[in-house]
Each structure stands twice: as C-alpha cells, then as structure tokens.
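Work through the exercises below with the sequence and the 3D structure open. Try each task before reading its solution.

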Amino acid sequence: MTVSPAVETHPLLPRIEQALDTIRPYLAADGGNVRVLDITPDMVLRLELLGACGTCPMSPMTLKAGVEESVKKAVPEIRAVEAINLTPMSAQPAGQTGHPVSPAPVPTPQF
C-alpha cells in the first residue's frame, strides 16, 4: 500500500504519529506495527496493519480498543480509524472465531 501524498503534509499527522507512538511498543512486542496511509476529507484515519498485526485474530479488538481510542483521545478531530488490511472475523483460522471460550471452572476443595 502506498501513502497518500497529501497525508505527508497534513496538519494533524504529527499529533496522530505521536498518539500512535504511545501504543507502538505494545504492537511491536507482538511483532506488529501500523502505518498511516491517508486522512480522508471526512476525518477518517486509514492505516495499514504491519507484521503480525496484519493476520492476528485480535487485530479488530486492537484496532478499536487500542489504536482508535488512543488516536481519538489525542486528536479529537479524527472521527474514525480504519485498517485497510484488517482480516475479517469470518476469515480467521479455524478455532479463532473471536469469541473466547470460557475456561472450565476450577473445583472448590471440600474441607
């Protein structure tokens, strides 16, 4: 994916990058990262998920709860964050449907 030429000079880009830099260490710990591709006229930030983030079954949650939350908090002008290469939940590998299975309860010892 190529970066939009207009994004490189967008006045919000430094603040967006600063917000992303706060969460990049967490993404990098799992082998991932993000790259800004575009900021649309209606203030939607378009990102590319890099490395492990591109195929991770937790990417939809990471995008919404981590990336989008951090960016919107630091740059309230941004209305939404989209990843152009987010793997849909329906395409996740078998057994990774995005619905965690509760662990079996641990029996309470009887005294």
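**Exercise 1. Pairing of the first two strands**

How many bridges join strand E1 (residues 32–39) to strand E2 (residues 44–51), and do the two run parallel or antiparallel?

Solution. The model used here is a predicted one.

Step 1. Strands of a sheet pair through backbone hydrogen bonds, either parallel or antiparallel.

Step 2. For E1 and E2 the program finds 7 bridges, and the two strands run antiparallel.

Step 3. To locate the pairing, look for Ile 39, which stands opposite Leu 45 in E2.

Step 4. Now follow the chain from E1 to E2: the two strands form a hairpin, with 4 residues between them. Met 43 is found in this loop. Its phi is near 65°, a positive value in a residue other than glycine.

**Exercise 2. The whole sheet**

Find the order of the strands in the sheet, and state which strands stand at the edges.

Solution.

Step 1. Start from E2 and look for its other partner. E2 pairs with strand E3 (residues 80–83) in the parallel sense, over 4 bridges.

Step 2. Check this pairing at two places. Leu 45 stands opposite Val 81 in E3, and Leu 47 stands opposite Ala 83 in E3.

Step 3. Combine the two pairings. The result is an open sheet of 3 strands in the order E1-E2-E3, with mixed pairing.

Step 4. E1 and E3 each have a single partner strand and stand at the edges, so one side of each is left without a neighbour in the sheet.

Step 5. The sheet is also twisted: from one strand to the next the twist averages 35°.

**Exercise 3. Adding the helices**

List the elements of the chain in order, then say where each helix lies against the sheet.

Solution.

Step 1. Count the elements: the chain has 2 helices and 3 strands. Read from the N terminus on, they run α-β-β-α-β.

Step 2. Place helix H1 (residues 13–29). H1 packs on the sheet and touches E1 and E2. The direction of H1 makes about 160° with that of E1.

Step 3. Place helix H2 (residues 59–74). H2 lies across E2 and E3, running at about 140° to E3.

Step 4. Trace the path from E2 through H2 to E3. These three elements make a β-α-β unit, and the unit is right-handed.

**Exercise 4. A network of salt bridges**

Which residues are linked with Arg 24 in a network of salt bridges?

Solution.

Step 1. The cut-off needed is a distance within 4 Å between a side-chain nitrogen of Lys or Arg and a carboxyl oxygen of Asp or Glu. By this rule the count comes to 5 salt bridges.

Step 2. Arg 24 forms one of them with Glu 17, where the closest N and O atoms are 2.9 Å apart.

Step 3. Arg 24 forms another with Asp 21, with the closest N and O atoms 2.6 Å apart. Both Asp 21 and Arg 24 lie in helix H1, 3 residues apart, which is about one turn of the helix.

Step 4. Glu 17, Asp 21 and Arg 24 are therefore linked in a network of salt bridges.

Step 5. Compare each relative accessible area with the cut-offs: under 20% is buried, over 50% is exposed, and in between is partly exposed. Arg 24, at 16%, is buried. Glu 17, at 25%, is partly exposed, and Asp 21, at 46%, is partly exposed.

**Exercise 5. A salt bridge between strands**

Which strands hold Arg 46 and Glu 82, and how many residues apart are they?

Solution.

Step 1. Arg 46 forms a salt bridge with Glu 82, and the closest N and O atoms are 3.8 Å apart.

Step 2. Arg 46 is in strand E2 and Glu 82 is in strand E3, 36 residues apart, so the pair links distant parts of the chain.

Step 3. Arg 46 counts as partly exposed, at 30% relative accessibility. Glu 82 is partly exposed as well, with a relative accessible area of 39%.

**Exercise 6. The chain as a whole**

What share of the 111 residues in the chain is buried?

Solution.

Step 1. Buried residues make up 35% of the chain.

Step 2. The accessible surface of the chain comes to about 7,200 Å², and 61% of this belongs to carbon and sulfur atoms.

Methods:
Residues numbered from 1 in each chain as written. Predicted model: local features only at pLDDT ≥ 70, side-chain atom pairs only at ≥ 80, totals over all residues. Heavy atoms only, no water. Pairing = 2+ DSSP bridges. Right-handed = clockwise from strand over helix to strand, strands pointing away. Axes fitted to C-alpha atoms, helices over the stretch in contact; angles between N-to-C directions. Contact = heavy atoms within 4.5 Å. Buried < 20%, exposed > 50% of the residue type's maximum accessible area, 1.4 Å probe, protein only. Areas by Shrake-Rupley, 256 points an atom, 1.4 Å probe, with all protein chains shown as cover.
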